[in-house]
Amino acid sequence: MELLTKRIETNRRKCHSDMQLTLEDDINVPDVKPDIEQIIKVCGEIQLNTITPEKDRLTVAGVLSFRLLYLCENDIRQIHTMNGQLPFEENINMEGAEPGREATCHYELEDCQCSLINSRKISIRGIVSLHCCQETGASLPVGIGITADSTMQEALDDTFCPEGIEQQFASMAITSCVVSKKDLFRIKEETVLPKGKPNCDSLLYYELSTTGLSTRVVEEGLRITGDLLVFVLYLPEEDERSIEYFETELPFDDTIQCSDVTEDMITDVCITPGKKLVEFRQDEDGENRVLDIEMSLHLDIRFFKEERFDYLKDAYATNCNLKLTKEPSDTRQLRVKNQSSVRIADRIKLEEDHGEITQICNSTGAIRIDEEQITEDGIEIEGVVDLQLLCLTEDPLRPLIVVEQSIPFQHRIEVRGILETDDYELQTDISSMNAILLDREEIEIKMVLNLCAIVFTENHAEVITSIEESPLDMTEFQNMPGLIGYIVNEGDTLWSIGKQYHATLDSVRDLNHLENDTLHLGDKLLLMKQTEGLL
């Protein structure tokens, strides 16, 4: 006889490490830039350039890029900008890491602040959270049934189980990563200033972000849709002392080519912003009114496929001894991919030092998760949204200010049956945000947050990887009584009794007129010695 096998591919997290990294440096103001009197706003972005796995650690190298908006009182132009970078390289301890095996590292810039040392020097400080892991894969043959040897199969042109073989099956569910790739999604757009806006003399500052990101598996690959939020602050040609701003939303829709994917696959896409660029250029009339916009998104894409099948849990024979080789099998199964929304509404009281705000130019926010806890049937989340509102004022000496506020939130992501040992990833995004100036003392904030949790659970089983048959001890077999009376003990099952006495399950059912396989403590059974297949 032969063991029919199915080869399963498994992958699970081998090791991981979370680290918070503080980046700090003093930067001189370039000679071509005027003195800094007051910092208005700083915007930071992280980009990882290399992730190098080594023995029990990772080396991560990247750069913190920043854009600074500041006030200068001794220049005809009050508002100026300054750009800079802080390169970094950090060793992260991660026990179990191996060189040569791919590692992933998700990152978040939790905070970026700038303080003024003097009018020609600033201090930049950024806090970066790194979530790094390395996965391992394995291939294992799993027994799914016993059949006659290949010679007999060829003679009968069929696959069948030999007489006198009893098989016990169990169900197995595996979620395997069938495609894993990294890609770069480039957004290139252009837009024109509305007729009511003056021509641009020079670009001061810009913000690019995405909202409403959505991914879906299609025939050609992975379709990505969303809106690109564009905000620019510029000086008009007519008056270098005044400030103009423009904001708009540009939809995008494109497909990343992925071979061998089907629409029934489950996706896990981690999207992090990359390079951003906004430039003004002239239109057909020679006026500086066209905005060229570029933004790249780094994609870490994984496609999962769920498979369910019955595997051979145990087996015995009435006409021979079967030796089963079993090996432990640890597989991952997707428990759930749950996407939920959190609606937040709050009001911000303006302080006296904010002055007379006339208009909110731009509003940005960052989600910061402070606590995560697995509870019964869900994940409890507590966090805050750190807001920055760029506002115009009536004060000619302070035409621009930033109002900052942290708004707390709580949410529970429902995950039925979740266990403390389950592994999950949490992705956050601000779907929409609206800031309205109610009066001189209050701003109303409305936001919608997207929280997506993808949860995996580990299944542990022993699977049969090979079988070996040997003849029965005929002396021992012949000494067994032909008919045996048996009283059911605690823990006995129909399977365990049949296996112990080399009896087929059908014979035990028929002889004892059993309608099902349920046994009770103290039940009395008759067992008959089987002779099928014996020579």
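User: In S20, which residue does Ile 487 stand opposite?
Analyst: Bear in mind that this is a predicted model. Strand S19 covers residues 483–487 and is joined to S20 by five bridges, with the two strands running antiparallel. Across from Ile 487, the residue in S20 is Lys 524.

User: Staying with strand S20, which residues make up its covered face?
Analyst: The strand spans residues 524–528 and has two faces to sort out. Lys 524, Leu 526 and Met 528 sit on the uncovered one. That leaves the covered face to Leu 525 and Leu 527.

User: Let's move to the sheet with S2, S3 and S4: why is one side of S2 and of S4 left without a neighbour?
Analyst: This is an open sheet of three strands, paired antiparallel in the order S2-S3-S4. S2 and strand S4 (79–93) stand at its edges, so one side of each lacks a neighbour in the sheet. The reason is that each has a single partner strand.

User: What is the bridge partner of Val 63 in S4?
Analyst: Strand S3 runs over residues 57–71, and 15 bridges join it to S4 in an antiparallel arrangement. For Val 63, the partner over in S4 is Pro 87.

User: And which strands are the edge strands in the sheet made of S8, S9 and S10?
Analyst: Here, too, we have an open, antiparallel sheet of three strands, in the order S8-S9-S10. An edge strand pairs on one side only, and that picks out strand S8 (200–218) and strand S10 (244–257).

User: By how many degrees are neighbouring strands of the S8-S9-S10 sheet turned against each other on average?
Analyst: The pairing in this sheet is antiparallel, and the angle ignores direction. On average, neighbouring strands are turned by 15°.

User: Where in S9 do we find the residue opposite Cys 200?
Analyst: Strand S9 takes in residues 221–236 and runs antiparallel to S8, with 15 bridges joining them. Opposite Cys 200 stands Pro 236.

User: Now the second largest pocket: which residues lie nearest its centre?
Analyst: The pocket holds about 360 Å³ of space. Strands S2 (38–54), S5 (103–118), S7 (165–192), S11 (266–282) and S12 (288–317) each give two or more residues to its lining. Of the 17 lining residues, those nearest the centre are Ile 51, Cys 105, Tyr 107, Lys 182 and His 298.

User: How many residues in the lining of that second largest pocket are charged?
Analyst: The lining comes to 17 residues. Seven of them are nonpolar and seven are polar. The charged ones number three.

How values were computed:
Residues numbered from 1 in each chain as written. Predicted model: local features only at pLDDT ≥ 70, side-chain atom pairs only at ≥ 80, totals over all residues. Heavy atoms only, no water. Pairing = 2+ DSSP bridges. Helix = DSSP H or I, 4+ residues; strand = E, 2+ residues; numbered from the N terminus. Axes fitted to C-alpha atoms, helices over the stretch in contact; angles between N-to-C directions. 1 Å grid on protein atoms, 1.4 Å probe; cavity = no way out; pocket = protein on both sides within 12 Å on 5 of 7 lines; lining within 4 Å. Points joined across faces, edges and corners; volume = space filled by probe spheres on them. Nonpolar A, V, L, I, M, F, W, Y, C, P; charged D, E, K, R; others polar. Buried < 20%, exposed > 50% of the residue type's maximum accessible area, 1.4 Å probe, protein only.
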